[in-house]
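Visitor: I have not looked at this molecule before, and I would like to learn how to read its helices and its interior. Could we begin with a helix and work from there?

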Amino acid sequence: GFKAISPAHLTQLINRENALVVDVSPINDFEKGHIVGSKQVSFSQFDPENKLLAKVKELPVAVVCRNGMQSSQAAKRLAKAGFTKVYQLDGGIGAWQGADLPLAKGKA
């Protein structure tokens, strides 16, 4: 239902297809560092029927978290809810930092 992708592939999706990046990390982790432009939705509150998500059912949606564990569960839920282009950042924010990509700090 969804595809695990590398930080480089995620960068292409953001730049070329205007992908929505949803970060399911807890708010305090999100504020320590997140992908520029990503939206924070705590995993405990994650709902594929959320208004923000309902608008983007046909667009690429990439789910990220700290290490890739919760984001893969969230991605499964999106695919089950009928989203057609669901991606998950393999290795999470750790992999993003490992690829020397920039993080924003503070609130979105």
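Guide: Let us start with the exposed side of one helix, keeping in mind that this is a predicted model. On the side of α4 away from its buried residues, Met69, Lys76 and Lys80 are exposed, a word used here for residues with over 50% relative accessible area.

Visitor: Which residues of α4 are buried, then?

Guide: Buried stands for under 20% relative accessible area, and in α4 this applies to Ser71, Ser72, Ala74, Ala75 and Leu78. They lie on the same side of α4, because the arc they cover around the axis is only 165°.

Visitor: What do the buried residues of α4 pack against?

Guide: Their packing partners are α3, which spans residues 51-54, together with β4 and β5.

Visitor: How far does α4 reach from its first C-alpha to its last, and what follows the helix?

Guide: One can compare a helix with the span expected at 1.5 Å a residue: α4, with twelve residues, reaches 17 Å, which is close to the expected 16 Å. Just after α4 comes Gly82, which takes a positive phi of about 100°.

Visitor: Can we read helix α1 in the same manner, and which of its residues are buried?

Guide: Helix α1 runs over residues 7-17, and its buried residues are Pro7, Leu10 and Leu13. Seen down the axis, these buried residues fall within an arc of 115°, so they line one face of α1. The face turned away from that buried side carries Ala8, Asn15 and Arg16, which are exposed. The cover over the buried residues of α1 includes β1 (3-5), β2, β4, β5 (86-89) and α5 (92-98), while the helix itself is followed by Asn18, whose phi is positive, near 55°.

Visitor: How many residues are in the largest nonpolar core, and which of them have the most contacts inside it?

Guide: A nonpolar core is traced by joining buried nonpolar residues through their side-chain atoms, and the largest one here has 16 residues, with Val22, Val24, Phe46, Leu53, Val61, Leu78 and Phe83 having the most contacts inside it. Two or more residues each come from β2 (20-23), β4 (61-64) and α4 (69-80), and the largest share, three residues, is that of α4.

Visitor: Which residues does Phe83 touch?

Guide: Leaving aside residues up to four places away in sequence, Phe83 touches Pro48, Leu53, Val56, Lys57, Val61 and Leu78. There is also a second, separate core, which has twelve residues, including Ile5, Leu10, Ile35 and Ala62.

Key
Residues are numbered from 1 along each chain as its sequence is written. This is a predicted model: local features need pLDDT of at least 70, side-chain atom pairs count only at pLDDT 80 or more; totals for chains, interfaces and linings use all residues. Side-chain values use heavy atoms; hydrogens and water are left out. A nonpolar core is a set of buried Ala, Val, Leu, Ile, Met, Phe, Trp, Tyr and Cys residues joined through side-chain atoms within 4.5 Å. Buried means under 20% relative accessible area, exposed over 50%, partly exposed in between (1.4 Å probe, protein chains only). Helices (H or I, at least four residues) and strands (E, at least two) are DSSP runs, numbered from the N terminus. Contact means heavy atoms within 4.5 Å. The arc is that of the directions from the helix axis to the C-beta atoms. The expected span of a helix is 1.5 Å times one less than its number of residues.
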